[in-house]
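Me: I would like to go through a protein model with some questions and short answers. Please show it first.

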Amino acid sequence: LADGGSLSPLFSFPWVTTTTAHLRIDWLHCADQGVTAVFLGGLFHWVLSQRAWGPNEEARCAALWREIQMFYDRERIADRLHNLTVTMIKPKKGSIELTGSGAQIRSLVPFGKLLVDSWVEPLGPETFAARSSMRHLSRCYEFLRADMPPQQDSLLDNALAFHAGMLVLHGLWLECKAMATEAKKFHMFLELCKEQGRPSSSWNYREESFGGSVAHQAHRRGGFS
């Protein structure tokens, strides 16, 4: 109000205030299109820097994409990236962050864990922190399952451990300003994991996933059907 703005119409509804349980942090925008996209972008960017994956970034990106495609087929993943390019990981402008829809980013979390689990000891400080962060982030995603009993303390503990690893990685192999530009999302992610209940019970996926499915079915390249 001091800046000349106006209150959201949501607050015109009876009993809706900033202190009620009606307003919840959304996992889709906070995690999948927030901290998870930043972390996976940093993780994949690290792969692009490893000579063992190929002679240049394009070749390494192609090798990574082949690994992802095999993961998709093996696990029968529905929400897939259509392709993977260097600029989808490291844009020409802006911070390193994986490009994709929320569902596409979310489906790559298990792949990220498989990737770090394949690393051979001994590990340097960056790769050790990256593996630890990926494992804790993957654990956070397990709490979204309907058959997972709510264990809020454990969810928050894993979120804090993930964030601690990100603090170590910042300035090492992320090589970007993601921690600064995404600081609010990291803080919101911790607040989300601190809330009581299961995050998947109040996210936007139900309607957005349905809309995405309809859009996929209705898509055509052209011509008469």
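The questions below deal with the core, two residues and two helix pairs.

Me: What kind of model is this, and how are residues numbered?
Reply: This is a predicted model, in which local features need pLDDT of at least 70, side-chain atom pairs count only at pLDDT 80 or more, and totals for chains, interfaces and linings use all residues. Side-chain values use heavy atoms, leaving out hydrogens and water, and residues are numbered from 1 along each chain as its sequence is written.

Me: Which element gives the most residues to the largest nonpolar core?
Reply: A nonpolar core is a set of buried Ala, Val, Leu, Ile, Met, Phe, Trp, Tyr and Cys residues joined through side-chain atoms within 4.5 Å. The largest one here has 54 residues, and Trp27, Phe44, Leu84 and Phe189 touch the most other members. Helices are DSSP runs (H or I, at least four residues), numbered from the N terminus. With 13 residues, the element that gives the most to this core is α1.

Me: Is Thr36 buried or exposed?
Reply: Thr36 is found in helix α1. Leaving aside neighbours within four places in sequence, Thr36 is in contact (heavy atoms within 4.5 Å) with Ala31, Ile105, Val109, Leu137 and Tyr141. Buried means under 20% relative accessible area, exposed over 50%, and partly exposed in between, with a 1.4 Å probe and protein chains only. Because its relative accessibility is 0%, Thr36 counts as buried.

Me: Which residue has its backbone oxygen 2.9 Å from a polar atom of the Ser107 side chain?
Reply: Ser107 lies in helix α4, residues 102–107, and is buried, at a relative accessible area of 12%. The distance from the backbone oxygen to the side-chain polar atom is 2.9 Å, and the residue that supplies this oxygen is Gln104.

Me: How are α1 and α6 oriented to each other?
Reply: Axes are lines fitted to C-alpha atoms, for helices over the stretch in contact, and angles run from 0 to 180 degrees between N-to-C directions. The axes of α1 and α6 are 11 Å apart, at an angle of about 150 degrees. Angles under 35 degrees count as roughly parallel, over 145 as roughly antiparallel, 65 to 115 as roughly perpendicular and the rest as oblique. Therefore α1 and α6 are roughly antiparallel.

Me: What is the orientation of α2 and α5 to each other?
Reply: The axes of α2 and α5 come within 11 Å and cross at roughly 120 degrees. Residues making the contact include Leu64 and Phe71 of α2 and Phe111 of α5. Because of their angle, α2 and α5 are oblique.

Note on methods: Helix = DSSP H or I, 4+ residues; strand = E, 2+ residues; numbered from the N terminus. Polar contact = N/O pair within 3.5 Å; in protein donor to acceptor, adjacent residues only side chain to side chain.
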